[in-house]
Amino acid sequence: MSSAYVELHSHSCFSLLDGAATPEALLDRAAELGMGALGLTDHHGLYAAIRFNVAAQERGLHPVIGAELTLEDERHLVLLVETQQGYRNLCWLLSRAQLEHEKGAARLAWAHLPHHAQGLIALTGCRQGVLAAPLLAGNRDEARRQLSKLRTLFGAEHLYIELQHHLRPDDDALVADLASLAREAGLPLVATNNVHYARRKDYRLQQVLTAINHNAALRDCRNQLYPNSELFLKTGAELAALLNAYPEALAHTIEIATRCNVNLDMRALAIPPTQGNEDGNQIGRASCRERV
């Protein structure tokens, strides 16, 4: 890949009322920046996966498919698809999270992960993530417990501790704490920017979407808005300047993207043509039922 960094944690408009860019806009910007790949990790779903996959191939980019899930304890976890089995497992996990809770409030039970972690690469998420959230609350022991749980589930080769820096006052300390945990556990780091819009200028649109999501005027939902405009698709140089002590975190993005390969050509799953008219329709419906 031509760049030294690719973004693996980004949200499109299919992260409903949160992401402010189409999959195509994110891919166009990634191509402009010389990235050879891009990861799409929309909240709680794979709604854009096929569209993103096709658009990436049209632009000569390697698509990395994933999702950001909210767990039952309100912590976030990013899962990237490495293999076809991983895609099936991610679909299953997302379905369970949706079916077991009210619409719009998907939550995944930890108990579902042990038997559906194969073929997935886990990133530890944003400030609401499984590690960052307890660290920000001053509970390092809980963060260690969560990390031990994740390592048991995914193994050392499929778990990366995610570093993000958005120029918040406590970001330096948080990044240092996360890196320290990684050293203790002998686990690799990965840099992401939790992208919610393709270019910095689009941050106002993202704020408007957030206000709509909370059914409130912008002035009344300040606590729900991101505090600045740093969640755009950055160059490797821009991110390296913020994470200069951890160059391996940027290099690992290329490593992960190279590992993630899944075939989303759905033409192989087409329903077979029906035979005849009325009788044929019955045969077609029977074939569908048999497949289900």
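Reader: Is D141 buried, partly exposed or exposed in this model?

Author: The model is a predicted one. The relative accessibility of D141 is 47%. Buried residues fall under 20% and exposed residues over 50%, so D141 counts as partly exposed.

Reader: Which residue forms a salt bridge with D141, the closest N and O atoms being 3.1 Å apart?

Author: Side chains of opposite charge can pair when their charged atoms come close. For D141, the closest N and O atoms of the salt bridge are 3.1 Å apart. The two partners are three residues apart in helix α5 (residues 140-154), which means that about one helical turn separates them. The partner of D141 is R144.

Reader: What is the relative accessible area of R144?

Author: A residue is partly exposed when its value lies between the 20% and 50% limits. R144 belongs to that class, with a relative accessible area of 34%.

Reader: Which residue of helix α6 (residues 171-185) is linked with R144?

Author: A salt bridge joins R144 to this residue, with the closest N and O atoms 3.0 Å apart. The pair links distant parts of the chain, since R144 is in helix α5 and its partner is 40 residues apart from it. The partner is partly exposed, at a relative accessible area of 46%. It is E184.

Reader: Which residues are joined into one network by salt bridges that share partners?

Author: R144 forms salt bridges with D141 and with E184. Through shared partners, the network joins R140, D141, R144, D177 and E184.

Reader: How many salt bridges does the structure hold?

Author: The pairs R144 with D141 and E184 with R144 are salt bridges. The total for the structure is 18.

Reader: How many residues apart in sequence are the parts that R59 and D28 tie together?

Author: R59 and D28 form a salt bridge whose closest N and O atoms are 2.5 Å apart. R59 is partly exposed at 29% relative accessibility, and D28 is partly exposed at 36%. R59 lies in the loop between α2 (49-58) and β2 (62-70), whereas D28 lies in helix α1 (residues 23-32), so the parts tied together are apart in sequence by 31 residues.

Reader: Is H196 buried or exposed?

Author: H196 is placed in the loop between β6 (189-191) and α7 (203-213). Beyond four places in sequence, its contacts include H11, D18, H43 and L231. Its relative accessibility is 1%, and the limit for a buried residue is under 20%, so H196 counts as buried.

Reader: With which side chain does the side chain of H196 make a polar contact?

Author: The residues in contact with H196 include Q206 and Y226. The polar contact of the H196 side chain, at 3.3 Å, is with the side chain of Y226.

Key. Residues numbered from 1 in each chain as written. Predicted model: local features only at pLDDT ≥ 70, side-chain atom pairs only at ≥ 80, totals over all residues. Heavy atoms only, no water. Helix = DSSP H or I, 4+ residues; strand = E, 2+ residues; numbered from the N terminus. Buried < 20%, exposed > 50% of the residue type's maximum accessible area, 1.4 Å probe, protein only. Polar contact = N/O pair within 3.5 Å; in protein donor to acceptor, adjacent residues only side chain to side chain. Contact = heavy atoms within 4.5 Å. Salt bridge = Lys/Arg side-chain N within 4 Å of Asp/Glu carboxyl O.
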